[in-house]
Amino acid sequence: MTMSGNESAKLTANIPIISVCGKGGVGKTVFSALLGRILIENGLSPLLMVDADPVGGLVSAIGEKAVKTLSGVRDMFISETRNGGKLSAKEAADHLDYFILNALVERKDFSMLAMGRTTEKGCFCSANKLLRQAMDKIISAYAGVLIDAEAGIEQINRDVTSQVNRVFVIIDASQRSIDTLNAIAGMVDPSQITIIANRITTEDLLNLPTGIKVAGVIPANETVRQFDREGRSLWQLPDDNEAFMAVKNIMKSINLSNP
Amino acid sequence: MDVFDPYIIKCTNKIDEMVADGKKIRVVMAPPSLDEIRGGLPIAVGPAASQGVILRSDTFVELGNPEAGSCSIFLYTSQPSLLCNGRITLLGPDISDSGISNLTFDEVVTSGGLHSSDQDLELLEKASHRAPAAKSFPFAQIIMVAGKNLSENDYEILKTNQIIGDLIEGYMVRSFTQNIWSRVSREAAAKGFTFETLGKALMALLKSANPKIEAIEIAFVTTNKHDIDILEEYARQIQKISKEIVKENWKIKGYDIECASDCASCDDKPVCDTIRDVLKEKMKEARKLKNHKQK
């Protein structure tokens, strides 16, 4: 049985669905990992964390492993349907939630879902629609959703949920990160956007185009770099870590420390 | 003899074999009337009784997750005498055994019904808050129904009802072909949800769905993956037979559903599309004609 767009929206209407976007390499994954820890510590639990990076950065950044991915579920569904596999298209659609549940890494306060990389070429809008509906049912079991996205928001709308209601755009000192921000701003309600500057100095900030307000700055931090190099979970960073504290303070200032 | 009768015998023999191997069997009889079955349940059963997704953190027991192994078997016969009506059999640990052992199926057998004491509930609640991870069991569910007037068509409809996860409070089911993966919530476990509850809830739901059912018997197996694998092989064979029956029934109606590909990838899709358009036009014309005649 399929849900209408309205039914699907009802399931997820009352929970924060946060997406972290920005140009590749600006530090979205580090920010997402730290934000996830803060949200959980502040009671947004259970939290569904979605790693929408095809190479799975967020999963390892919080010390987890994801063997199965949502793209794997989508590919299986398309392949079964296309090749007249052992399941009919209807049977495969009926069982999608079994496979999504199987792709979830479930922990006490949070779950992790990796998007992975699809191997099936083509648009497959209808398959994506079914997946989104199944995802919305899963999402309804959580207190909030945090998505570490690719550059823009369009992939989230297509692959995960169309119900994102808060977008963090991470920028750095590069012009390309500002260009990406402008592109995202064209797709999202501006009131839902919060801009975070990462690894930026006060001098760099002065070069930002007029009209761009930054909610806060995360300083470059050697311990974060070291944890990254060693593949250690960023959730093990000490409480007084400068970058962690900066994210914490930004969340307090925008009133998202206790959603 | 009906098509699934040999498998009813096979499943019954397998259970006997497991008992002969020294595995503990626990049996409870459900009352014959639907009202009595429903009345004795510690949880709600029916539309919207379940809250939907049960996360692992809220799970007391997980049954048949993909690593543990699972299978779901559904069989029907026109001979009620082949079944022991109302019998619920459990081989392996019960749901309550996973956290605390003083609520066992044995008590159900000796006392004739499970009504857990306040102390039991308190202990269960304590256990459920303490337990960081749910206990996981391999899981096989065997449902056998009988009715002189049951048809293959009834079987097809009932088969989809055997995984009625959203109709049982505190119980979530996800299924894939012959596999069944379910979770019992901590809240439901604290209310006294056991395999007796599940068996009775399934009986109530199936009997309500089809009054032609005269006898029903359910067995649950939670012993080990080896036992489940054997039953899973039966499930595969049963599914194959079931698909053949559906195929043959459609053939009788004039449709061959043994199609190796779907419409989207079929070379003859334009032909079918044209025919579909012609059919639409014909239907429009027929409607117009009907309206005209009514005027």
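Helices and strands here are DSSP runs, numbered from the N terminus, with at least four residues for a helix and at least two for a strand. With that naming in hand, keep in mind as you scroll around that this is a predicted model.

Let's start with chain A and how far to trust it. Its mean pLDDT is 81, and 78% of its residues reach 70 or more. That average hides a spread: among the elements of chain A, helix α1(A), residues 5-12, has the lowest mean pLDDT at 50, while α2(A) has the highest at 95. Over residues 1-5 of chain A, pLDDT stays under 50, and the model has 3 contacts there beyond four places in sequence. Where pLDDT is low, the predicted coordinates should not be read in detail.

As for its overall make-up, chain A has 12 helices and 8 strands. Of its 259 residues, 45% are buried. If you count contacts with a separation of 6 or more, 77% of them in chain A come from residues 24 or more positions apart.

A good place to zoom in is strand β7(A), residues 193-198. This strand is mostly covered, with 5 of its 6 residues buried. On one hand, β7(A) runs parallel to β6(A), residues 166-171, and 5 bridges join the two. Look for I171(A), whose bridge partner in β7(A) is A197(A). Put helix α9(A), residues 175-185, together with β6(A) and β7(A), and you have a right-handed β-α-β unit. β7(A) also pairs with β8(A), residues 216-218, in the parallel sense over 3 bridges. There, N198(A) stands opposite I218(A) of β8(A).

Step past the end of β7(A) and you get to a backbone oddity. R199(A), in the loop between β7(A) and α10(A) (202-206), has a positive phi of about 50° although it is not a glycine. With 19 C-beta neighbours inside 10 Å, R199(A) counts as partly exposed, because a residue needs 20 or more to be called buried.

Chain B has a similar item to look at. T177(B) sits in the loop between β7 (171-176) and β8 (179-185) of chain B, and its phi is positive too, about 45°, although T177(B) is not a glycine. This residue is partly exposed, with 15 other C-beta atoms within 10 Å. Why flag such angles at all? Because most residues other than glycine have a negative phi, and most peptide bonds are trans.

The peptide-bond half of that has its own exception back in chain A. S45(A) and P46(A) are joined by a cis peptide bond, with omega about 0°. You'll find P46(A) in the loop between α2 (28-41) and β2 (47-51) of chain A.

Finally, follow helix α1(B), residues 5-20. Its 16 residues reach 22 Å from first C-alpha to last, close to the 22 Å expected at 1.5 Å a residue. Which residues of α1(B) are buried? They are Y7(B), I8(B), C11(B) and M18(B). Looking down the axis of α1(B), these buried residues fall within an arc of 110°, so they line one face of the helix. That buried set packs against β3 (70-77), β4 (87-91), β6 (139-146) and α8 (225-252) of chain B. Turn to the other side of α1(B) and you'll see exposed residues: I9(B), N13(B), D16(B), E17(B) and A20(B). After the helix comes G22(B), with a positive phi near 100°.

Notes:
Residues are numbered from 1 along each chain as its sequence is written. Chains are lettered from A and ligands numbered from 1 in the order in which they are written. This is a predicted model: local features need pLDDT of at least 70, side-chain atom pairs count only at pLDDT 80 or more; totals for chains, interfaces and linings use all residues. The expected span of a helix is 1.5 Å times one less than its number of residues. A residue is buried if 20 or more other C-beta atoms lie within 10 Å of its own, exposed if 12 or fewer, and partly exposed in between; C-beta atoms are placed from the backbone. The arc is that of the directions from the helix axis to the C-beta atoms. Two residues are in contact if their C-beta atoms, placed from the backbone, lie within 7 Å. pLDDT is the predictor's confidence in each residue, from 0 to 100. Two strands pair if DSSP finds at least two bridges between them. A crossover is right-handed if, with the strands pointing away from the viewer, the path from the first strand over the helix to the second runs clockwise.
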